[in-house]
Structures are given as structure tokens and as C-alpha cells.
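Here is a quick tour of a protein model with its ligands. Take a look at the sequence and the fold, then read on.

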Amino acid sequence: MADSVTAPGASRALVDNHGRRITYLRLAITDRCNLRCRYCMPEQGAEFVPHDEILTFEEMIRLLGILAPLGVNKVRVTGGEPFVRRGSVAFMGEIKKVPGVSRLYLTTNGVAVAEHLEALQAIGVDGLNLSLDTLDGQRFQYLCRRDLFSRVWDTFTRALARGIPVKVNAVVQEDTNDADILAMAGLADQYGVTVRFIEKMAFSGRDSGSGSEFGRLADRLFALFPRMVEVVDAGPATARLFYVPGRQGLIGLIEGYSRRFCAGCNKIRITPIGILKACLYDNGVLDLKAMLRGGADDVGIEAAIRAAIGRRFVDGMETESRVHRQIEPSMATIGG
Ligand code: SAM
Ligand code: SF4
């Protein structure tokens with residue numbers, strides 16, 4: 001069984017040129033979505049990749065079979081919206097069967113998930129990150145351009161009722177007011193969950209990132225919750241975590257714009273078209289699909305992955321200064 005596979009010895013582990021061990025893969029299985037969030041996709045004319053350019057599930061499982069023995073034991077399935085891809089739930093079950101993959105998480109907008117919760121629990125999904133920016137149905141419709149708040153809420157409450165761990169991700173935008181933030185933080189207190197506020201980042205389909213425009217999100221949260229205390233050892237996490245004395249749950253802060261999370265980065269990404277990304281801010285460092293479809297064997301693919309990870313930039317700032325990006329890609333093509 002997956003859990004009984006021992007961690008790779010030092011010689012097999014995937015370690016970057018800064019000594020950071022890679023144990024976490026974010027796997028974006030589609031670029032399509034059933035919402036059109038303003039910060040992620042244009043309202044109309046979103047261009048999606050033709051199906052035959054997207055990695056097949058078999059190709060993804062093969063890659064996992066190469067990565068897991070190197071110590072990549074945590075997988076997050078993301079997108080686009082993972083549940084719009086046909087067969088995605090069965091595929092999630094296959095991921096959990098890959099020897100060495102001990103933890104499987106999903107990042108989803110929750111629109112088409114409630115009906116799959118029983119199956120997800122049977123598969124052994126370890127948790128959901130649910131993207132939900134507001135508790136106000138009208139604002140949800142404005143932000144996501146679809147009137148589907150009730151379906152997301154259904155997923156949230158039914159997942160919790162089943163005992164599936166849920167974290168909520170809320171992107172904070174220029175027009176997110178304090179009442180929105182307080183309501184979302186109230187969710188943490190009421191349900192004992194972690195609500196993570198995300199700095200909005202730029203993408204080419206719309207305007208710039210939020211970090212510089214209306215003050216750092218961290219400052220806003222501290223102003224709203226002056227008694228907020230940082231959880232000291234949150235591990236190699238993307239989010240800084242805080243608790244407010246006397247309240248349940250945790251408040252998280254994902255500073256993608258300010259890039260505070262690079263030091264302990266243990267994460268790689270594979271995009272729907274099979275590009276390996278060593279950093280959120282790079283253009284991709286290896287075309288895995290070309291290798292898979294070009295007849296490369298597993299040894300060759302492993303060697304290419306090691307070489308790419310051995311040339312990793314120290315942080316997102318260095319990546320951006322060294323990598324020329326003509327456009328800021330949508331998170332839907334990366335997986336967040
Ligand atoms: N569709 C799924 C969802 O929304 O959870 C998974 C993919 S989505 C691209 C992954 C995460 O990226 C979501 O939490 C979303 O809020 C976040 N995201 C998308 N665009 C963003 C942006 N411009 N800035 C910051 N976060 C963004
Ligand atoms: Fe879809 Fe997620 Fe992007 Fe929203 S953030 S448009 S739900 S991929």
C-alpha cells in the first residue's frame with residue numbers, strides 16, 4: 001500500500017540546487033472551468049487547449065510513478081476546475097494507488113463536487129481546498145460570473161458533515177471590503193476551519209496584482225484582527241497562519257504577490273499540457289509531454305527532471321528577474 005513505501009534514501013531524493021527537497025506536486029489536470037472568476041479568466045473568449053494537447057490520465061499516472069519513488073508523496077489535483085474533466089474522480093482514485101503517494105488533496109471551486117463527496121471519501125482524499133471569495137450570493141455571481149453560490153456552499157457544508165477536512169481560499173481584490181473579509185474570517189470561527197486570504201496576482205486576461213495597489217494584505221488583516229497571533233511553525237507552507245484568541249479556526253495569508261513563501265519551497269507543478277514548472281513564476285523548465293510522447297523511458301525522464309530541479313532559482317523574485325515573461329498566464333493554466 002502507498003503508506004508502507006519507505007521514503008527514498010538520500011541518493012534517490014529529488015533535491016534542488018538550494019538543498020530543498022521536493023515532496024509536493026501540484027497537478028493541473030485541465031485548463032477548463034465552469035466559472036469565470038474575474039481575476040482568472042475573461043468573461044468571453046477564454047481560449048482552451050485542444051484535448052489532445054492535454055496530458056492523458058495514463059501519462060499523468062506514469063509521471064507519478066516516476067516522481068513518487070523520488071519522495072514526491074503529496075499530490076494536489078487542481079486545474080482549471082478538476083471536476084469538469086470527464087473521469088477525474090476515477091483518476092483521483094488511481095493517484096491514491098500509486099505506491100509512495102500518501103496524501104491526495106484537491107483544489108476546487110466546489111461547484112460540481114457535492115455529488116462526488118462519497119466517492120472522494122471512499123478514495124481516501126485527504127482534504128479539499130475550496131475556493132470561495134464571499135458569502136454573499138450576489139457578490140459571488142459578480143466575481144465568478146455565474147449564479148452558483150448555493151452549490152459551493154452545499155459542497156462546503158456537506159464535506160464538513162462527512163468529516164472531510166476543508167480549507168477555504170479567498171482571493172482579496174481591490175474592491176473586497178472589510179465586511180467581506182470579516183464574514184469570511186467568521187467562517188473560520190463558526191466552523192473551525194482555516195480560511196486563507198490570497199493576494200490577488202496579475203494575469204494577462206485582466207489587470208494587475210493587488211499587492212501594491214491597496215497596501216499589503218497582511219497589514220489589512222492585522223488592522224482588522226489586532227490580537228491575531230502567528231502560528232510559529234507552519235512548516236514549509238504556502239500560507240502564513242494565525243489564530244485569534246477566543247476564536248475557532250485559523251486565518252491564513254498567502255502572499256503570492258509579496259512572495260513570502262519561497263524559502264522552504266518543496267513544490268513543483270505540472271501544467272495540463274505537461275510542462276514541469278520548478279517555480280510558480282517561471283515559464284516552465286521541462287516539456288514532459290514531449291518526452292512522454294517522444295518515446296523517452298522512465299530513466300531518461302527522471303534524469304531530465306533532476307537536471308531541471310538542479311537549476312532552480314532561489315525564490316520567485318530571482319525567477320522573475322531572470323525569466324522573461326511576455327504575458328502573465330492565468331492561474332487556470334497553472335493550477336494556482
Ligand atoms: N478551479 C479551482 C479553484 O478555483 O479552486 C482550481 C484552480 S484555481 C486556478 C486555483 C487557485 O488559484 C484558486 O484558489 C484561485 O482562487 C486562485 N487564483 C486564480 N487566479 C488568481 C489570481 N489572479 N491571483 C491569486 N489567486 C488566484
Ligand atoms: Fe475557474 Fe478556479 Fe479560475 Fe475561478 S479561479 S475561473 S474557479 S480555474
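How do the residues of the shell around ligand 1 divide into nonpolar, polar and charged? The split is 7 nonpolar, 10 polar and 3 charged. Keep in mind that this is a predicted model.

**Around ligand 1**

In total, 20 residues surround ligand 1, and the closest are Tyr-39, Gly-80, Ser-131, Val-171 and Met-201. Part of this shell comes from strands: β3 (103-108), β5 and β6 each supply at least two of its residues. Some polar contacts to ligand 1 go through the protein backbone, and here they are side by side:

| Residue (backbone atom) | Atom of ligand 1 | Distance |
|---|---|---|
| Tyr-39 (N or O) | nitrogen | 2.9 Å |
| Thr-108 (N or O) | oxygen | 3.3 Å |
| Met-201 (polar) | nitrogen | 2.8 Å |

On its own, ligand 1 has 540 Å² of accessible area, and the protein covers 94% of that.

**Around ligand 2**

Ligand 2 has its own set of neighbours: Cys-33, Leu-35, Cys-37, Cys-40, Gly-80, Asn-109 and Ala-332. That shell breaks down into 5 nonpolar and 2 polar residues, with no charged ones. If Gly-80 rings a bell, it should: this residue is listed among the closest to ligand 1 and also in the surroundings of ligand 2.

**The sheet**

Now for the strands. There are 12 of them in an open sheet with mixed pairing, and the order reads β7-β8-β9-β6-β5-β4-β3-β2-β1-β10-β11-β12. Why is one side of β7 and of β12 left without a neighbour in the sheet? Because β7 (229-230) and β12 (286-287) stand at the edges, each of them has just a single partner strand.

For β7, that partner is β8 (residues 240-243), which runs antiparallel to it and is joined to it by 2 bridges. Going residue by residue, Val-229 sits opposite Tyr-243 of β8, while Glu-230 has Phe-242 as its bridge partner. Phe-242 also stands opposite Ile-251 in β9. The pairing of β8 with β9 is antiparallel too, over 3 bridges. In the hairpin that these two strands make, 6 residues lie between the strands, and Gly-246 takes a positive phi near 90°.

**A helix across the strands**

Last stop: helix α6 (residues 178-191). This helix lies across β5 (166-172), β6 (194-199) and β9 (250-254), and α6 runs at about 145° to β6. Two of those strands, β5 and β6, are also among the suppliers of the shell around ligand 1.

Methods
Residues numbered from 1 in each chain as written. Chains lettered and ligands numbered in written order. Predicted model: local features only at pLDDT ≥ 70, side-chain atom pairs only at ≥ 80, totals over all residues. Heavy atoms only, no water. Pairing = 2+ DSSP bridges. Helix = DSSP H or I, 4+ residues; strand = E, 2+ residues; numbered from the N terminus. Contact = heavy atoms within 4.5 Å. Axes fitted to C-alpha atoms, helices over the stretch in contact; angles between N-to-C directions. Near = heavy atom within 4 Å. Polar contact = N/O pair within 3.5 Å; in protein donor to acceptor, adjacent residues only side chain to side chain. Areas by Shrake-Rupley, 256 points an atom, 1.4 Å probe, with all protein chains shown as cover. Nonpolar A, V, L, I, M, F, W, Y, C, P; charged D, E, K, R; others polar.
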